[in-house]
Amino acid sequence: MKKINGILLIGALVLAGAGSVAIFLPKDSKIQQANAENVGNDTFYIGMHNMETDPVFDSDDDSSVQGKAEYIEGTGNNPHYLKLTNFHFTGEGASYYNSSWYRYGIWYSKSRNLQIELVGDNSVTLITSTTEGDRYSGAVFYPKNSGNKYSLELLGGGSLQIKSPDASNKDSDGIHFRMKVINSAATIEGISGYNSSSNAGIYFYGGAQLTGGSIIGRGTKEGIALNPDSSAGGDFTVEGGTILASGGNGTTLGNSNYGFRIKSNEKSSFEMTGGTLTAQSNSTTNVSYGIYYYTGQHKLSHFKGGTVNASGKYGVFNDDTSDYEYDYLSLSDDVVFNATGTVKAINGRVLNSIEGKGYSGESQTGTKEFIPISSEIVDYTSKTYKSVHFEALEESSFTQEPAPKLGLVANGQAQELVSAGIAEGGTVLYRIGDSGDFSAELPKATDAGTYTVQYMIDGDEDHRDSEIKIVTVTIAAAPAPGPDDPVGPDDPVTPVDPDKPTKKGLNGGAIAGIVIGSIVGLFGLCYLLLFFLLNKWIKVEDKAVRVMRFALGSKDGKERYLSFKCRFEYRDKEHVFSSKEDALK
């Protein structure tokens, strides 16, 4: 009996001791103790804090916490609601075992839509576990068996940064979204650990609808990956806001790195109609891609609007050589699409319904080539552009087109072939023939011949390049020297002294002209003298007038000759008399 009583006493003391330990455990240790090792369906944790059992997470629960996280469960058709107000948490995450240990900074597996309101700047920073931790995720939003039918909507204009630890050689992703993300104003950033080669800043499995705000993903392997669920899918649409996808960060980078990876299936697609996407892979040692796309026999990746900047060793890449119907990049409407690569700008298939320019150098430098609108898919694997620029621009136009110069004759000097053109929206460029670079200088030629001059407008930032136009121009050969002009074009010519008269000979025609002219002139002078001297009135005794005439005559009316005939007439002013006597009467 004593033995039994002793055993009972010892048991009571053990229970009492356990109770006292439980009473005096610090609150942080309570969180550690409450950590659910079988976190699974229909639960919600931030760090090791269960938001369902304690919907307010602040410094009262963990002295390292700043700000406040408040959770309200939705009822009926209302979503669950989480408000973060200048909330900052750094610590170990909730754990889950499935062949290996997983740690999560945020774990959400509730089968209901979720709204997260962000006030101010907020952050969740996951650290490596001191006990177990083989794989890490800064945040996982994963309603189990939901088929991606639930959504996560970001409210407010604040920000949330979620970061995984730099766990050496361990998977450490930033964020996994297995819900459709809706964002109009907030900023969310996912950062992977930088010491593993297979990490991503953000994975999207359920699609997204972005009308504003910012989405930022930074990772070692890839910045942002669109990897829709094979059974449920989920369209990823960008109508506004900004996306920054940065891959190839850190030191352990693996074999290939991606800025923005697009994969679609028959139930998902990517479409951008506005906003800005910057996709960059920063690795200089591995194969790196700014945008990597693979659509297969499914929906296409369509860029219709907004601005895209892609850079890496390959700006844009698709390594599938199969001629799938939708396996291409579609550029159209109002998109401004830039890609640059240290190896190539684009490697893959493209359908562009807007004009483009391809450059031999990075960042739109070097020799430029016009890329016309294409109605068919073009394979860029054989093209060597290191940068491209596609943009739907306004038309440039000529206010005065270059005109061919007329009457050009070879003279041993280079002569301009056309007059200068005047353009609106760009600079007029020229070249001779159909090869070589265009230049703003007017084309010139020296030798005789017919030349083809091509000209175009190199559009400015707001105007597209014009079509290439053609004019033909002829330079005639210099005339060969004639018998009367023995001086050839290359013979020396003696200069003429303007103050010294030149000597010139007279030919036969000139002599004959001078002689004939002299004779006719002398005869005319004589005629005038005789006419005025002989044809005059003579007064006779104040009554009658005797007139002496000079006239031309003929002999027998046949032979014409010049004769000088003088005759006298007796007459007054009204009558002619036959004799002097009659006149005196």
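In this predicted model, a salt bridge joins Lys304 to Glu271, with 3.3 Å between the closest N and O atoms. The two partners come from distant parts of the chain: Lys304 sits in strand S25 (residues 301-317) and Glu271 in strand S23 (residues 270-281), 33 residues apart. Lys304 has a relative accessibility of 25% and therefore counts as partly exposed. Glu271 is also partly exposed, because its relative accessible area is 27%. Side chains of opposite charge can pair when their charged atoms come close.

This pair is a helpful way into the salt bridges of the structure, of which a search of the whole model finds 13. Another is formed by Glu401 and Lys469, whose closest N and O atoms are 2.8 Å apart. Glu401 belongs to the loop between strand S34 (397-400) and strand S35 (408-409), while Lys469 belongs to strand S42 (residues 469-476), so this bridge ties together parts that lie 68 residues apart in sequence. Glu401, at 34% relative accessibility, counts as partly exposed, and Lys469 is partly exposed at 33%.

The loop between S34 and S35 also holds Lys405. The side chain of Lys405 meets that of Glu416 in a salt bridge of 3.3 Å, N to O. Since Glu416 lies in strand S36 (residues 415-416), the pair ties together parts that are 11 residues apart in sequence. Glu416 is partly exposed, with a relative accessible area of 29%, and Lys405 counts as partly exposed at 32% relative accessibility. Salt bridges also link Lys357, Lys368, Asp458 and Asp465 in a network.

Stepping back to the whole protein, the model has four helices and 48 strands. Of its 585 residues, 43% count as buried. The accessible surface comes to about 30800 Å², and carbon and sulfur atoms account for 52% of this area. Sequence separation is informative here too: among contacts between residues at least 6 apart in sequence, 69% join residues at least 24 apart.

What lies inside? The largest nonpolar core has 67 residues, of which Phe141, Phe204, Phe260, Ile291, Phe303 and Phe337 touch the most other members. Apart from this core lies another, of 15 residues, with Phe398, Leu408, Val418 and Tyr455 among them. In soluble globular proteins, nonpolar side chains tend to be buried together. Phe337 offers a closer view of the largest core. Leaving aside residues up to four places away in sequence, Phe337 touches Ile291, Phe303, Val308, Val316, Leu329, Leu331, Val388, His389 and Phe390.

Thr43 gives a view of a buried polar contact. This residue is found in the loop between helix H2 (27-34) and strand S1 (44-46). Its relative accessibility is 15%, so Thr43 counts as buried. The side chains of Thr43 and Trp107 are joined by a polar contact of 2.9 Å. Beyond residues up to four places away in sequence, Thr43 touches Trp107 along with Glu52, Tyr108, Ser109 and Lys110.

Two residues deserve a look for their backbone angles. Most residues other than glycine have a negative phi, and most peptide bonds are trans. Asn86 has a positive phi of about 45° although it is not a glycine. The place of Asn86 is within strand S5 (residues 80-91), and at 40% relative accessibility Asn86 counts as partly exposed. Asp333, likewise not a glycine, has a positive phi of about 60°. Asp333 lies in a loop, between strand S26 (329-331) and strand S27 (336-347). With a relative accessibility of 43%, Asp333 counts as partly exposed.

Finally, a word on confidence. The mean pLDDT of the protein is 80, and 72% of its residues reach 70 or more. Over residues 1-37, however, the pLDDT is below 50, and this stretch has 24 contacts in the model beyond near neighbours in sequence. The pLDDT also stays under 50 over residues 502-506, where the model has two contacts beyond four places in sequence. Where pLDDT is low, the predicted coordinates should not be read in detail.

Note on methods: Residues numbered from 1 in each chain as written. Heavy atoms only, no water. pLDDT = per-residue confidence, 0-100. Contact = heavy atoms within 4.5 Å. Helix = DSSP H or I, 4+ residues; strand = E, 2+ residues; numbered from the N terminus. Buried < 20%, exposed > 50% of the residue type's maximum accessible area, 1.4 Å probe, protein only. Areas by Shrake-Rupley, 256 points an atom, 1.4 Å probe, with all protein chains shown as cover. Polar contact = N/O pair within 3.5 Å; in protein donor to acceptor, adjacent residues only side chain to side chain. Core = buried A, V, L, I, M, F, W, Y, C linked by side-chain atoms within 4.5 Å. Salt bridge = Lys/Arg side-chain N within 4 Å of Asp/Glu carboxyl O.
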